[in-house]
Amino acid sequence: THPGAYRAMGRQGAGVSLRFRTNANRIAFRATYGEFYVNQKMPMAGCGFDFYRSGKWAGNSQPPLESKDGLEWSMSFGGTGRKDGETFQLYFPLQCGIEKLQVGLPEAAEVFAPAPRRHGERPIAFYGSSITHCGCVSRPGLEHGVRVGRFLDVAVHNFGYCGNCFGELAAAEVIASVKPLALVMEYDDNARNAEHLEKTHEPFFLHFRFLSRVRTREHGIMSS
């Protein structure tokens, strides 16, 4: 793996989201893009934002095809105005970098902590190829890891790097550092051949498992 590939793809938005609860009846966002990347294999909706209300899709906002790096993009979505608030989640563009995001609400609106997740805040980690990264889904909220997260009501960390996951032990160390509830290993499509997969798959898992046990004990978290 070339370190530059990790750095470049690590700035992309696949799997990133903003989750909050508010009683606003309208929510506005203004995003400043860093790199604006258009993947010719994927719809333009993937360059935009997906908005979910209480776990259900409520809209997508995508910039025009001719957009460039540094774009400022404004969008707004409807809330329900419920007094006790409702949980919203904004998924970031799949392969574009976002430098800044601003949120606007009506003056009388309140913002609360999001509803607690069913399994707490420890995430499920996904490690794998371009499929894990986000290819080739049509919208940010349809990447399979975040769909699992919504279905199970659990946080998700996406460690997919297109064409650059080869079972390196350094990657296992980074993943273990977030203390995930579970690890999904699906880098098979990046393996150079069956021999490479055989040599790396179990050592990667065992290294991750060892580090996870050490770190969960250090933080007082039970791990089977």
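In this predicted model, Arg 21 stands opposite Thr 87, a residue of strand β6. Arg 21 itself lies in strand β1, and the two strands concerned, β1 with residues 17–22 and β6 with residues 86–91, pair in the antiparallel sense over 6 bridges. Strands of a sheet pair through backbone hydrogen bonds, in either a parallel or an antiparallel arrangement.

Stepping back from this pair, one finds an open sheet of 5 strands in the order β4-β3-β6-β1-β8, with antiparallel pairing. Strands β4 (56–61) and β8 (111–112) stand at the edges of the sheet and have a single partner strand each, so one side of β4 and one side of β8 are left without a neighbour in the sheet.

Returning to Arg 21, its surroundings can be followed through its contacts. Once its neighbours within four places in sequence are left aside, Arg 21 is in contact with Asp 84, Gly 85, Glu 86 and Thr 87, and also with Glu 110, Val 111, Phe 112, Ala 113, Pro 114 and Ala 115. Two backbone oxygens deserve a closer look: the side chain of Arg 21 reaches the backbone oxygen of Asp 84 at 2.4 Å, while a polar atom of that side chain lies 3.1 Å from the backbone oxygen of Ala 113.

Is Arg 21, with these contacts, buried, exposed or partly exposed? Its relative accessibility is 23%, and because buried means under 20% and exposed means over 50%, Arg 21 counts as partly exposed. As for distance along the chain and in space, Arg 21 and Gly 78 are 57 residues apart in sequence and 13 Å apart from C-alpha to C-alpha.

Note on methods. Residues are numbered from 1 along each chain as its sequence is written. This is a predicted model: local features need pLDDT of at least 70, side-chain atom pairs count only at pLDDT 80 or more; totals for chains, interfaces and linings use all residues. Side-chain values use heavy atoms; hydrogens and water are left out. Two strands pair if DSSP finds at least two bridges between them. Helices (H or I, at least four residues) and strands (E, at least two) are DSSP runs, numbered from the N terminus. Buried means under 20% relative accessible area, exposed over 50%, partly exposed in between (1.4 Å probe, protein chains only). Contact means heavy atoms within 4.5 Å. A polar contact is a pair of N or O atoms within 3.5 Å; within protein, one must be able to donate a hydrogen and the other to accept it, and residues adjacent in sequence count only if both atoms are side-chain atoms.
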